[in-house]
Amino acid sequence: MTSALPAPFTAAVTTATVLGCLAYLAAAARLRARGDAWPYGRGALFCAGGAVLVAGVAEPWGAAPPFTAHMLTHLCVGMLAPLLLVLGRPLTLLLRTAPVPLRRGLVALTRSRWATAPALPPVAALLDFGGLWLLYRTPLLSVSHHSPWLNTLVHVHILLAGVLFSFGVLALDPVRHRPGYGLRAAVLLIGGTAHAVLAKSLYAAGPPGMSFGTADLHLASQVMYYGGDAVELALAAVVALQWYRSEGRALRRAGRPGRPGTGGAPAAATRR
């Protein structure tokens with residue numbers, strides 16, 4: 001059996017998430033009230049991410065086998081909720097609506113090397129998928145089962161690492177250096193492969209120190225494998241769409257008259 005999350009942690013996450021969603025919607029409304037555009041879809045995605053996160057920590061699948069229930073929590077807290085929250089672009093919204101002093105501090109933070117380093121795709125992938133390998137292929141899961149607060153810290157890490165990975169791979173919000181599409185795609189491919197291999201290894205053998213039924217172990221590994229694939233495919237689709245649009249903009253810029261290498265006549269020459 002895996003231990004449930006402590007009630008204070010669940011309550012704190014639920015409260016913070018509800019307040020965060022309300023603050024997001026209020027900021028978006030203020031932005032629109034002053035005549036600036038902010039798509040409603042972003043708010044829907046952010047609030048959906050909040051709902052998935054609350055469901056994940058509340059663990060409503062009590063009838064499921066223990067390891068399968070744990071894996072559903074992992075999928076919600078560490079993968080699906082982070083993806084939806086990042087797609088809502090909360091940092092961009094905050095930068096556009098925060099008071100000037102706070103905005104300056106946030107801009108300085110997004111440009112600082114120490115703050116942005118964890119969100120670099122290779123670093124974020126190591127924190128995310130490396131942490132999962134450490135959790136499931138060492139006795140850490142067994143130890144956390146006997147310590148509610150260690151269990152809490154494990155889930156906090158899973159959430160933050162998932163957010164960092166989605167944030168770094170999608171690169172939707174402004175950061176110090178936006179990683180190239182090739183790097184982001186490669187990291188996503190490698191990270192997804194590491195996640196899939198881990199899921200397959202759990203199908204064959206459970207985490208050290210834990211005892212789960214064969215059916216439970218197989219079902220949990222399938223949840224991890226196919227659920228992870230679905231989220232990673234969504235990440236890949238967003239990156240591919242960004243890449244496609246970027247190439248389209250580059251082609252349009254290259255095709256404008258007067259730009260070097262386009263074959264068009266320079267603007268000054270056409271006026272002669």
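**Briefing: cysteines, buried charges and overall fold**

The sulfur of Cys-76 lies 15 Å from the closest cysteine sulfur, which belongs to Cys-21, and because a disulfide requires the two sulfur atoms to be within 2.5 Å, this distance is too far for a bond. The model described here is a predicted one. Its chain holds 12 helices and zero strands, and of its 272 residues 40% count as buried.

**Cysteines**

- Cys-76 is itself buried, since its relative accessible area is 13% and the cut-off for a buried residue is under 20%.
- Searching the whole structure for disulfides gives a count of zero.
- Cys-47 likewise takes part in no disulfide, and the cysteine sulfur nearest to its own, that of Cys-21, is 4.2 Å away.
- With a relative accessible area of 23%, Cys-47 is classed as partly exposed.

**Overall architecture**

- Read from the N terminus, the elements of the chain follow the order α-α-α-α-α-α-α-α-α-α-α-α.
- Taken along the principal axes, the box filled by the C-alpha atoms of the chain has dimensions of roughly 85 × 40 × 30 Å.
- Among the contacts in the chain with a separation of 6 or more, 75% are made by residues that stand 24 or more positions apart.
- The chain exposes about 13900 Å² of surface, of which carbon and sulfur atoms supply 70%.

**Acidic residues in helix α11**

- Glu-232 is located in helix α11, which covers residues 214-254, and Asp-216 lies in helix α11 as well.
- Glu-232 counts as buried because its relative accessible area is 8%, which falls below the cut-off of under 20%.
- Once its neighbours within four places in sequence are left aside, Glu-232 is in contact with Met-79, Phe-129, Leu-188, Gly-192 and His-195.
- Of these partners, Met-79 is 153 residues from Glu-232 along the chain, while the C-alpha atoms of the two residues are separated by 8.6 Å.
- Asp-216 is buried and yet has no salt bridge, the nearest side chain of opposite charge being that of Arg-137 at a distance of 13 Å.
- Apart from neighbours within four places in sequence, the residues in contact with Asp-216 are Pro-65, Pro-66, Phe-67 and Thr-68.

**Nonpolar surface patch**

- Val-18, Leu-19 and Leu-22 make up a nonpolar patch on the surface, and together they have about 290 Å² of accessible area.
- Leu-19, one of the patch residues, has its place in helix α1, which runs over residues 7-33.
- Leu-19 counts as exposed, since its relative accessibility is 53% and the class begins at over 50%.

**Positive phi angles in loops**

- Arg-89, although it is not a glycine, has a positive phi of about 55 degrees, and its place is in the loop between α3 (66-87) and α4 (90-97).
- Ala-171, which is also a residue other than glycine, has a positive phi near 50 degrees, and it is found in the loop between α9 (148-170) and α10 (181-204).
- Despite its place in a loop, Ala-171 is buried, with a relative accessible area of 4%.

Conventions: Residues numbered from 1 in each chain as written. Predicted model: local features only at pLDDT ≥ 70, side-chain atom pairs only at ≥ 80, totals over all residues. Heavy atoms only, no water. Helix = DSSP H or I, 4+ residues; strand = E, 2+ residues; numbered from the N terminus. Buried < 20%, exposed > 50% of the residue type's maximum accessible area, 1.4 Å probe, protein only. Contact = heavy atoms within 4.5 Å. Patch = residues over 30% accessible without salt bridge, like charges linked within 9 Å, V, L, I, M, F, W, Y side chains within 5 Å. Areas by Shrake-Rupley, 256 points an atom, 1.4 Å probe, with all protein chains shown as cover. Salt bridge = Lys/Arg side-chain N within 4 Å of Asp/Glu carboxyl O. Lys, Arg positive; Asp, Glu negative; His and termini not counted.
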